[in-house]
Amino acid sequence: MEKKAKMSKRKKLFLMVWGLSILAVLAGIILVGFPSGGKEESITEAMRDAVLHEENKMSLFGLPVNPGLISAFLISGILLLFALIVRIFVIPRFKNVPGKFQAIIEKAVEFFSDMAKGNSPYKTGFVSGYIFSAGLYIFVSTIFELFGVQWITTKGHSMTLPAPLSDINAAIAMGVTSFLIILGAGIVANGFKGALKVLKDFSLPISMSFRLFGALLSGLLVTELVYYYATMSFVLPVIVGILFTLLHALIQAYVLATLVSIFYGEAVEPKKIKEKKIKEKKVKS
């Protein structure tokens with residue numbers, strides 16, 4: 001009874017805080033009003049710059065670069081540092097009965113490991129590690145834009161760093177890297193014939209690259225559109241931004257990991273087993 005009473009009090013307190021927050025936002029909108037001045041750039045220019053980054057460049061060791069590159073370096077550094085800390089201080093203290101943090105890590109590793117075993121039953125060790133790393137990078141780099149990290153552009157004004165994969169260059173790099181790993185695995189497992197089998201799917205790096213780029217860019221453009229207009233720039237961007245970002249992070253990480261594991265499995269499949277499967281299909285048909 002006491003627990004139920006505490007839970008009901010917490011719910012009431014949460015609803016009260018939530019209601020007061022909404023009222024505070026509405027009061028701010030009424031008191032401040034909407035800006036009456038014109039925009040520095042049109043919506044077309046804002047959307048175009050979000051794609052091409054012609055205006056908003058950032059300095060990296062004195063060189064003007066796209067904002068996505070700064071995001072990519074920051075996220076890579078954060079993930080490497082996190083992995084180092086976990087490996088040195090956390091993993092040696094793992095227990096037979098896992099705590100919450102240990103359970104989350106084990107579930108994530110188990111998920112990608114099972115995916116690799118299901119789609120690539122031969123030589124799963126390397127591909128399970130790669131799809132775990134790629135999936136984690138896609139997820140973290142996508143939700144990174146929710147934190148609103150600010151950086152100074154070459155023109156001296158502040159700008160929020162975008163998700164790295166909303167830049168076509170980063171998406172192509174991810175697609176090509178995945179393709180090269182599949183190609184290398186095919187060569188190691190089946191030699192020259194394995195390479196030819198992978199090279200037949202020449203559109204694979206293109207499809208992977210533009211799938212990532214298109215999905216993440218669409219979320220970025222919708223958020224830019226919502227933020228641009230003053231009538232939609234209160235409360236709504238929070239909902240739109242979080243929904244689009246989380247959905248894209250989960251879906252794109254899952255899709256790329258699945259595709260890589262499937263094509264990797266086909267590339268490393270032993271020749272004898274493949275010929276046996278073809279014969280079985282012919283007999284059934």
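**Helix packing and internal space**

Helices α4 and α5 lie oblique to each other. This holds in a predicted model. α4 spans residues 100-119 and α5 spans residues 124-143. They pack at an angle of about 130 degrees. Their axes are 9 Å apart. An angle over 145 degrees would count as roughly antiparallel, and 65 to 115 as roughly perpendicular. The angle of about 130 degrees falls in neither range, so the pair is classed as oblique. The crossing of α4 and α5 is right-handed.

On the α4 side, the contact is made by Ala108, Val109, Phe112, Ser113, Met115, Ala116 and Lys117. The α5 side contributes Thr124, Val127, Ser128, Ile131, Phe132 and Gly135. By class, eight of the contact residues are nonpolar, four are polar and one is charged. The charged residue is Lys117 of α4.

Helix α5 also packs against α3 (67-90). Here the angle is about 120 degrees, and the axes are 10 Å apart. α3 and α5 are therefore oblique to each other. Their crossing, too, is right-handed. Ala72, Ile75, Ser76 and Leu79 are the α3 residues in this contact. They meet Leu136, Tyr137, Val140 and Ser141 of α5. Six residues of the α3 contact with α5 are nonpolar and two are polar. None is charged. The polar residues are Ser76 in α3 and Ser141 in α5.

Helices α3, α4 and α5 also border an open space. Each supplies at least two residues to the lining of the second largest pocket, as does α8. This pocket has a volume of about 850 Å³. It is lined by 29 residues, and the closest to its centre are Leu79, Phe82, Ala108, Phe132 and Leu136. Several of these recur from the helix contacts. Ala108 and Phe132 belong to the contact of α4 with α5. Leu79 and Leu136 take part in the contact of α3 with α5. The pocket lining comprises 24 nonpolar, three polar and two charged residues.

Enclosed space was examined as well. The structure holds one cavity of 30 Å³ or more. The largest cavity has a volume of about 40 Å³. Its lining consists of Met208, Arg211, Leu212, Gln252, Val255, Leu256 and Leu259. Helices α7 (204-228) and α8 (236-268) each supply at least two of the lining residues. α8 gives the largest share, with four residues. Five residues of the cavity lining are nonpolar, one is polar and one is charged. The polar residue is Gln252, and the charged residue is Arg211. α8 thus appears in two settings: it helps line the largest cavity, and it also helps line the second largest pocket.

Terms used
Residues numbered from 1 in each chain as written. Predicted model: local features only at pLDDT ≥ 70, side-chain atom pairs only at ≥ 80, totals over all residues. Heavy atoms only, no water. Axes fitted to C-alpha atoms, helices over the stretch in contact; angles between N-to-C directions. Parallel < 35°, antiparallel > 145°, perpendicular 65-115°, else oblique. Left-handed = near helix turned anticlockwise from the far one by under 90°. Contact = heavy atoms within 4.5 Å. 1 Å grid on protein atoms, 1.4 Å probe; cavity = no way out; pocket = protein on both sides within 12 Å on 5 of 7 lines; lining within 4 Å. Points joined across faces, edges and corners; volume = space filled by probe spheres on them.
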